[in-house]
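Here is a friendly walk through one model, told as questions and answers. Have a look at the structure first, and then read on.

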2 protein chains.
Amino acid sequence: MTAPVIALVGATGAVGTVMIDIMNTRSSVPWGEIRLIASARSAGKKINVRGQELTVVELSPEAFDGVDIAMFDVPDEVSKEWAPIAAERGAIAIDNSGAFRMDADVPLVVPEVNADQIDNRPRGIISNPNCTTLSMMASLGALHREFELKELVVSSYQAASGAGQSGIDRLYAEISALAGKEAGVAAGDVAEALAAAGLSAEDSPFPAPLVLNVVPWAGSLKDDGWSSEELKVRNEARKILGIPDLKVSATCVRVPVVTTHSLAVHAVFAREVTVEAAHKIFSEQPTIVLVDDPAAQKFPTPADVVGEDPTYVGRVRQALDFPNTLDFFVCGDNLRKGAALNTYEVAEELAKRL
Amino acid sequence: MTAPVIALVGATGAVGTVMIDIMNTRSSVPWGEIRLIASARSAGKKINVRGQELTVVELSPEAFDGVDIAMFDVPDEVSKEWAPIAAERGAIAIDNSGAFRMDADVPLVVPEVNADQIDNRPRGIISNPNCTTLSMMASLGALHREFELKELVVSSYQAASGAGQSGIDRLYAEISALAGKEAGVAAGDVAEALAAAGLSAEDSPFPAPLVLNVVPWAGSLKDDGWSSEELKVRNEARKILGIPDLKVSATCVRVPVVTTHSLAVHAVFAREVTVEAAHKIFSEQPTIVLVDDPAAQKFPTPADVVGEDPTYVGRVRQALDFPNTLDFFVCGDNLRKGAALNTYEVAEELAKRL
């Protein structure tokens, strides 16, 4: 068997850059060729991957010739057009956009939860979940196998980088605008202080100031006041876990954190759960780090998880008033497990099968 | 009837200062005398209240002589000792500490929810709820009257000032420490950057960096991994609403916001609820401002609510998978409605009865 050829579409973007970092540090698969693909604007750029200097090639149908696996980290509309083209040319597309996630003919895969779904891909496309959903999937998947998940109430604490590089830039700019004047900026005058520093609200990817604030909104408006992000958490969790009638309520809130999404999770199961049993399950998962010792002031915080592959779980408590219910807090790097890492883990799974 | 005499114990503290601001702007009660009381260290200080220059007197049993209502904004142990002394001297004590909140002989009052409880005070003491609980009480009380509350799952986004002036100072210091270096501080190096700027972790009132982070902890450790703050939310909500078997799960998280606590609330009722009915109820409450128009990107954020008396409610959604259930987001200034304002509103209610 010849070593498989992998392509990375969107190689020069924020997630693409993390992806290359991941390929440089995870050597489990010796790819036959690594092909970097991007828009015409970035074509010709040279990037070092696994010790070789590679030249970025322009996105075209021919760019997929000979490719076994094509990972896509591009906007929805680019994926929508080009993932099927890659599949037609014989590649298996792994797509990190929202274009195909709820397509019944496209599996939505988190390897440690539903790796078996990888083989069921009639369109030649596999989808990668939304970063907020992904942050809690390893922990919920592990608990579901043991206790059967029935209901989920989650509140998110989402990082600025979930809105891309412009989100990161904006948060840094807002902090800089307050620098040196913090003590003089009354807590409620954030918007005025940002305007005075020349940061217009219109230029922000967020609908309100993010520094010294939290914003209960992510994504676009859907029916009945729900945000697209909240519906993704619900619908994708159902599909990944294979529980079509899972009850879910999510509230998605942006917080002034650069990277790593956190979630407060209230999970109701069919069978009796204990903190001890949950701790044991979490400890046994290779992609989960359990940090749960409040007596020693140890619990996960997003700043501790940036750049980490596993998701971190802590504050595990048995609900006092709800039977078979756990409350816990989970942090996952939204650029790694939430995006690039999960996509690459799917590619690794596929490589085993080629 | 002579005008009642009111005393403020802890007049020079963070909440005491807000209290004086509130007394200066709310003129409904023409107090006979306003007496400012503090520790020996602050005695003799002069503070302008309602156009008079008042001299702070030292806390002593005699300081309560002739006082009708004594508001306490001091640490638990000070309240525990001195509120009963004030009551013995004939004053009604309104205490904002945690000392008496769960005492069966002390009512826990939010005037717009359970004003009737004010008259049932065998110890001569009335308690003011914890600021996190208070932020959601006006909205939950109004919904409960109509729909009968059964279950509550809440996640908090709590401001630094909930930890007092040292919390505010620490957050500002952490922002200053990053000033000008933000772009150079990788998202995960916050702790190192703070240490390099001379801000030691040991000096912080928070168990982890708060800038560019969220910390899933507030208060002290209680049984089975619960924080004192989470148990307060549960136990105080039950007592205030008069629902001893209310099912509650709370996760309390500190966020890098100076002032105003926010909560994501999932509330299950006995009767059918609609967004329309909830909007109508919220709109009719004088102490609630409804800000709920996501199409126009309008929802409450804590920065908009600082210094405001009402609590702000938005993101009201009918749960998709849970019957009789609303999800919503609420913001309340933790120093005003969360502390000083509610205490003063109780005093105003008492004044009507004197």
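What follows covers domains, helix packing and one loop residue.

This is a predicted model, in which local features need pLDDT of at least 70, side-chain atom pairs count only at pLDDT 80 or more, and totals for chains, interfaces and linings use all residues. Residues are numbered from 1 along each chain as its sequence is written, chains are lettered from A and ligands numbered from 1 in the order in which they are written, and side-chain values use heavy atoms, leaving out hydrogens and water.

Q: Into which domains is chain A divided?
A: The bounds come from an automatic or database domain assignment. Chain A has domain 1 (6-128 + 340-352) and domain 2 (133-159 + 215-332).

Q: Which three residues supply 41% of the area that domain 1 of chain A buries against domain 2 of chain A?
A: The centres of domain 1 and domain 2 of chain A, taken over C-alpha atoms, are 27 Å apart, and 14 residues of domain 1 are in contact (heavy atoms within 4.5 Å) with 13 residues of domain 2. Together the two domains of chain A bury about 1,200 Å², 63% of it on carbon and sulfur atoms; buried area is the accessible area (1.4 Å probe) that two parts lose on being put together, summed over both. The three residues that supply 41% of domain 1's share, more than any other three, are Leu108(A), Glu112(A) and Val113(A).

Q: At what angle do H4(A) and H7(A) pack?
A: Helices (H or I, at least four residues) and strands (E, at least two) are DSSP runs, numbered from the N terminus. Axes are lines fitted to C-alpha atoms, for helices over the stretch in contact, and angles run from 0 to 180 degrees between N-to-C directions. The axes of H4(A) and H7(A) (residues 228-241) are 10 Å apart, and the angle is about 35°.

Q: How do the residues of the contact of H4(A) with H7(A) divide by class?
A: H4(A) brings residues including Met136(A), Met137(A) and Leu140(A), and H7(A) brings others, among them Val233(A) and Ile240(A). Ala, Val, Leu, Ile, Met, Phe, Trp, Tyr, Cys and Pro count as nonpolar, Asp, Glu, Lys and Arg as charged, and the others, Gly among them, as polar. The contact has seven nonpolar, four polar and three charged residues.

Q: Why is H4(A) oblique to H8(A)?
A: Angles under 35 degrees count as roughly parallel, over 145 as roughly antiparallel, 65 to 115 as roughly perpendicular and the rest as oblique. H4(A) (residues 131-147) and H8(A) (residues 275-284) pack with axes 10 Å apart at an angle of about 125°. H4(A) is therefore oblique to H8(A).

Q: Which residues of H8(B) make the contact with H4(B)?
A: In chain B, H4(B) and H8(B) pack at about 125°. H4(B) contributes Ser139(B), Ala142(B), Leu143(B), Glu146(B) and Phe147(B), and H8(B) contributes Ala277(B), Ala278(B), Ile281(B) and Phe282(B).

Q: Which residues is Asp103(B) in contact with, leaving aside its neighbours within four places in sequence?
A: Asp103(B) is in the loop between strand E7 (92-95) and helix H3 (111-114) of chain B. Beyond those neighbours, Asp103(B) is in contact with Arg123(B) and Lys239(B).
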